[in-house]
Amino acid sequence: MSELLTAAQMRAIEQAAIESDEVTGLELMERAGRGVVEAIFEEWPELAKTSHKAVVLCGPGNNGGDGFVVARLLKKWGWEVEVFLYGDAEKLPPDARVSYGRWVELGEVKPLGDADFDIDHDMGAKVVIDAIFGTGLSRPFYTIGVVQDTLNYYSSSKDMPNVVSVDIPSGICADSGRYIGYDDENPFDSCVWANLTVSFHSEKLGHRLSLGPIGVQKIVVKSIGIGRDLKQRWEETTPISTPDATRGAGQVNGIVKLVSKPTWIGKNYGWNKFSHGHALILSGTSGKGGAARLSARGALRIGAGLVTVAPTPGALQENAARLDAVMLSPVGDAQTLQAVLADERFNALCLGPGLGVERARDLVPVALAAKRATVLDADALTAFKDDPSALFDMLHENCVLTPHAGEFARLFPDIDKKLNAPAAKGPAYSKVDATRDAAAQAGCVVLFKGPDTVIAAPDGACSINSAAYERSAPWLATAGSGDVLAGFITGLLARGFAPMPAAETAAWLHVECALEFGPGLIAEDLPEQLPSVFRRLGA
Ligand SMILES: NC(=O)C1=CN([C@@H]2O[C@H](COP(=O)(O)OP(=O)(O)OC[C@H]3O[C@@H](n4cnc5c(N)ncnc54)[C@H](OP(=O)(O)O)[C@@H]3O)[C@@H](O)[C@H]2O)[C@@H](O)CC1
Ligand SMILES: [K+]
């Protein structure tokens, strides 16, 4: 899994490299600028063949400094380059000031303001470089709305210059992926939309969270030669908490991981069905069983040895008519569930999909008291909206909560309020912050669904399963898709996965199944893609 950094973590890493005399800040800036030019020529190889025109928009910090390096390198490549600066050259930070000085030997610098931009005119450029703000964006910017609109017009129109953002599109908070600004005050309350974004060393959280991917469009990460192991670097510079390999992505001083292809999905297959665990999926009344059946199918396909659905007695016939490999055990009330759970072989439980809120209120306490690995989704979360702390008091470390945005707001209203307050300054409160806070409050793993699914454990371990860029699967937002995900997690818990890796692996496979099927997907299709996904993974 690769690391996703905050602006502060990136700065600390750069600082450690600079302080160890490994490299100077100016050298890093040169490498960053070179990385941008390389990425442009890799993306559009025809641009490297003859000279063209570029417009470079530089801002008041080191992001602008990178822009001056890009301008110089393109000029040396024979291009015509027009450079604008937003801010005062005398106030540039030292490295950016040097880069500015090197550019000034080659060409002029015009002030960047709205008057300099005409939205109908492409300035004859093939590429416009957005080096206005990077990881240092600290507040909204209002004064160059026309510039911003012009760039967005370019990037979304054919035969207009390509917009290349340096590090992150200006306006996006590198930590949260949110646009910095007040909705009601900023008429241009969005960021630059790029055609290509070139970042350095590692992706930042903002490339993956919230609206970040919409602005970023395509992300390329270039090395700036500070390649020493990130963990080692942190150990040298910061007190470290020991990462725990048994907890999936683990935690290295708060660094968030990007969930990637599991390497071990097939490795713990045992000898027979009994060593793959037995998942119990609680279900609802007659006519409401579809969601739990989807979970059960997911749990079975992902490798649980046995799966039992437990509907109300009245819904037994309906379920018997629909299920074959999945077994049935009627559960009318809490007492019956307690008796069923006396069988220790049920090692993973799933409550929520199609369960009904009343029934959830009765059954969840019994299920949690049994201390099995437990997924709570849908109705099992909504059931506690009036008294979330009653639920939190019962939860234990082997639980996974899987709220979507609405369920999250019901269970964690204070956290949700913070997350949805306007991002008035950077770094803004992010979905990563929110999910970590929720996991700490709940005392178990929380998987906060979305195209940017965030998974966090109470100790701060956190990862993002991103369905963006090459893994974008908007058709995954379909009825019942969450029920299948709950089933995937339950199935992996039954197989003995710990909650964090179970949630991460299930979320990754869920997106993979959607990609495997493509548009037109319905929830029933998801579990059926697992065999070919597993084959591809060599599981
Ligand atoms: N460090 C390194 O060695 C390397 C860094 N690299 C590059 O540096 C970038 C980070 O640089 P950075 O920290 O200088 O931040 P950056 O995004 O350029 O802007 C900060 C400036 O903008 C100002 N400002 C903020 N918001 C504003 C607003 N709304 N309206 C107006 N002004 C506003 C802010 O002012 P302040 O908040 O301090 O008042 C400050 O002056 C990073 O993204 C990467 O591209 C690479 O070269 C590799 C080596
Ligand atoms: K930028």
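A residue counts as buried here if 20 or more other C-beta atoms lie within 10 Å of its own. Keep that cut-off in mind for the close-ups below, which all come from a predicted model.

**View 1. S170, a buried residue in a loop.** S170 sits in the loop that runs between β6 (162–166) and β7 (196–200). Count the other C-beta atoms within 10 Å of S170 and you get 27, so S170 is buried. Leaving aside residues up to four places away in sequence, S170 touches G59, D130, I132, F133, S165, C191 and V192. D130 in that list turns up again in the next view, since UniProt names both D130 and S170 under "binding site".

**View 2. The three positions that UniProt lists as "binding site".** The entry is unreviewed, and the residues it gives are N63, D130 and S170. They are spread over 108 residues of sequence, yet they cluster in space, with a largest C-alpha distance of 9.5 Å. N63 belongs to helix α3. With 25 other C-beta atoms within 10 Å, N63 is buried. Its contacts, not counting residues up to four places away in sequence, are A131, I132, F133, G134, G136, V166 and D167.

**View 3. The shell around ligand 1.** Here 27 residues surround the ligand, and the closest are G61, N62, N63, G134 and G136. So N63, from the UniProt list, is also among the closest residues to ligand 1. Two of the helices that each supply at least two shell residues are α2 (25–43) and α3 (62–76). Helix α3 gives the most, with five residues. Sorted by class, the shell has 12 nonpolar, 11 polar and four charged residues.

**View 4. L137, in the loop between β5 and α5.** This loop links β5 (127–131) to α5 (145–155). L137 has 28 C-beta neighbours inside 10 Å, so it counts as buried. Skipping residues up to four places away in sequence, L137 touches G171, C173, I180 and G426. For a sense of scale, pick out A498 as well: L137 and A498 are 361 residues apart in sequence and 38 Å apart in space, C-alpha to C-alpha.

**View 5. L5, in strand β1.** The strand covers residues 2–5. L5 has 25 C-beta neighbours inside 10 Å and therefore counts as buried. Beyond residues up to four places away in sequence, L5 touches M10, S202, K204 and I255. E82 is 77 residues from L5 in sequence and 32 Å from it in space, C-alpha to C-alpha.

**View 6. Where domain 1 meets domain 2.** The chain is divided into domain 1 (2–237) and domain 2 (269–537). Their centres, taken over C-alpha atoms, are separated by 40 Å. Domain 1 brings 22 residues to the contact and domain 2 brings 16 residues. On the domain 1 side, the residues touching domain 2 are 11 nonpolar, five polar and six charged.

**View 7. Helix α18, mostly covered.** This helix takes in residues 499–517, which makes 19 residues. From first C-alpha to last, α18 reaches 27 Å, close to the 27 Å expected at 1.5 Å a residue. Of its 19 residues, 16 are buried. Right after α18 comes G518, whose phi is positive, near 90°.

How values were computed:
Residues are numbered from 1 along each chain as its sequence is written. Chains are lettered from A and ligands numbered from 1 in the order in which they are written. This is a predicted model: local features need pLDDT of at least 70, side-chain atom pairs count only at pLDDT 80 or more; totals for chains, interfaces and linings use all residues. A residue is near a molecule or strand if its C-beta atom, placed from the backbone, lies within 6 Å of it. Helices (H or I, at least four residues) and strands (E, at least two) are DSSP runs, numbered from the N terminus. Ala, Val, Leu, Ile, Met, Phe, Trp, Tyr, Cys and Pro count as nonpolar, Asp, Glu, Lys and Arg as charged, and the others, Gly among them, as polar. UniProt positions are given in the numbering used here, feature names are shortened, and annotations may be inferred rather than shown by experiment. A residue is buried if 20 or more other C-beta atoms lie within 10 Å of its own, exposed if 12 or fewer, and partly exposed in between; C-beta atoms are placed from the backbone. Two residues are in contact if their C-beta atoms, placed from the backbone, lie within 7 Å. Domain bounds come from an automatic or database domain assignment. The expected span of a helix is 1.5 Å times one less than its number of residues.
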